[in-house]
Structure formats: structure tokens, C-alpha cells
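Biologist: I would like to learn how to read a fold element by element. Can we take a single chain and go through it together?

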Amino acid sequence: MPDAPATILFIGDHDDRHGPDILMKSMPAILKDTKQARAIFVGDGSLFWPCRVFARYLLIEPSVRLVGHVEGKDLAELVQAADIVVAPSRE
């Protein structure tokens, strides 16, 4: 079902090692096949603001949410609501 909504969750540090920018830069390809896909980025770090810039540059801002640091019950609810939890890495 290409039009079924999908929630993709990234949890981790926003740095080169954990690579949230990898997921951000792959979102246009994901959205090509799954137009209702949404990505939620949880965490903070040096790539937090560059990822916001990538989202704007790639014209995918409506499909991504960068929520910053989340923990406890709120984080557990995000994990439960996600269809996919991703862990991109450059290591």
C-alpha cells in the first residue's frame, strides 16, 4: 500500500557518528514511494540545526519533525506509535 501512512522514528545524538542527516537526506526518496510517510527526529547535537536546514532545502519540512530531547513516558509513546525505528550510523 504505497499511500499508507508510515511513521519513521530516529532516536539518538544528532552528530556525524549517528547520522541523522543520512535519514533526512533519504526522505525525498522515501516520500516518492510513500507520500504520507513522516519522520520524527529525537535528540540533540551538532547536526540538529543543519538537519532543519536540510529539511527546508529538500522541501520536506511538512514531513519531518525535529523534537529535540525527549525521555520517559513521552519517548515510550513515540516508540509505540512508530512503524519503523531507524538507527543510521557511520560506524
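Modeller: Yes. Keep in mind that this is a predicted model. We start with a bend: helix H1 has a kink of about 40° at Met 27, shortly before the proline Pro 28.

Biologist: How is a bend like that defined, and where in H1 does the kink lie?

Modeller: The bend at a residue is the angle between two axes, one fitted to the seven residues ending there and one to the seven starting there. In H1 the kink lies at Met 27.

Biologist: What end-to-end span should H1 have, and what does the model give?

Modeller: The expected span is 1.5 Å times one less than the number of residues. H1 covers residues 20-33, which is 14 residues, so it should span 20 Å. Its end C-alpha atoms are 20 Å apart, which agrees.

Biologist: Which residues of H1 are buried?

Modeller: Buried means under 20% relative accessible area. In H1 that holds for Pro 20, Asp 21, Leu 23, Met 24, Met 27 and Leu 31. The buried residues of H1 pack against strands E1, E2, E3 and E4, and against helix H2 (48-57).

Biologist: Ile 22 is not on that list. Why does Ile 22 count as partly exposed?

Modeller: Its relative accessibility is 35%, so Ile 22 counts as partly exposed. Ile 22 lies in H1. Leaving aside neighbours within four places in sequence, Ile 22 is in contact with Pro 88, Ser 89 and Arg 90. Pro 5 sits 17 residues from Ile 22 along the chain, and their C-alpha atoms are separated by 21 Å.

Biologist: Now the sheet. What is the strand order?

Modeller: There are 4 strands in an open sheet, ordered E3-E2-E1-E4, with parallel pairing. The edge strands are E3 (64-68) and E4 (84-86), and each pairs on one side only. Neighbouring strands are turned by 20° against each other on average, with direction ignored.

Biologist: How many bridges join each pair of strands?

Modeller: Go across the sheet. E2 and E3 run parallel and are joined by 4 bridges. Val 42 stands opposite Gly 68 in E3. E1 and E2, also parallel, are joined by 5 bridges. There, Ile 8 stands opposite Ala 39 in E2. E1 (residues 7-11) pairs with E4 in the parallel sense over 3 bridges. Phe 10 stands opposite Val 86 in E4.

Biologist: Why is E2 described as largely enclosed?

Modeller: Count its buried residues. They make up 4 of the 5 in E2, so the rest of the structure largely encloses it. Helix H3 (residues 72-81) lies across E1 and E2 (38-42), and runs at about 140° to E1.

Biologist: Which residues of E3 are on its covered face, and which on its uncovered one?

Modeller: Val 64, Leu 66 and Gly 68 form the covered face. Arg 65 and Val 67 form the uncovered one.

Biologist: How many residues are in the largest nonpolar core, and which have the most contacts inside it?

Modeller: A nonpolar core links buried nonpolar residues through side-chain atoms within 4.5 Å. The largest one here has 16 residues. Those with the most contacts inside it are Met 24, Met 27, Phe 41, Ile 60, Val 64 and Leu 66. E1, H1, E2, H2 and E3 each give two or more residues to this core. H1 gives the most, with 4 residues. A second, separate core has 5 residues, including Leu 9, Ile 40, Val 42 and Val 70.

Biologist: What does Leu 66 touch?

Modeller: Skip its neighbours within four places in sequence. Leu 66 is then in contact with His 14, Met 24, Phe 41, Phe 48, Cys 51 and Arg 52.

Biologist: Last, the loop between H2 and E3, where Leu 59 lies. Is Leu 59 buried or exposed?

Modeller: Its relative accessibility is 74%, so Leu 59 counts as exposed. Leu 59 also has a positive phi of about 60° although it is not a glycine.

Biologist: Ile 60 is found in that loop too. Is Ile 60 buried or exposed?

Modeller: At 3% relative accessibility, Ile 60 counts as buried. Leaving aside neighbours within four places in sequence, Ile 60 is in contact with Met 24, Met 27, Pro 28, Leu 31 and Ala 55. Ile 60 and Pro 28 are 32 residues apart in sequence, and 7.1 Å apart in space, C-alpha to C-alpha.

Technical notes: Residues numbered from 1 in each chain as written. Predicted model: local features only at pLDDT ≥ 70, side-chain atom pairs only at ≥ 80, totals over all residues. Heavy atoms only, no water. Pairing = 2+ DSSP bridges. Axes fitted to C-alpha atoms, helices over the stretch in contact; angles between N-to-C directions. Contact = heavy atoms within 4.5 Å. Buried < 20%, exposed > 50% of the residue type's maximum accessible area, 1.4 Å probe, protein only.
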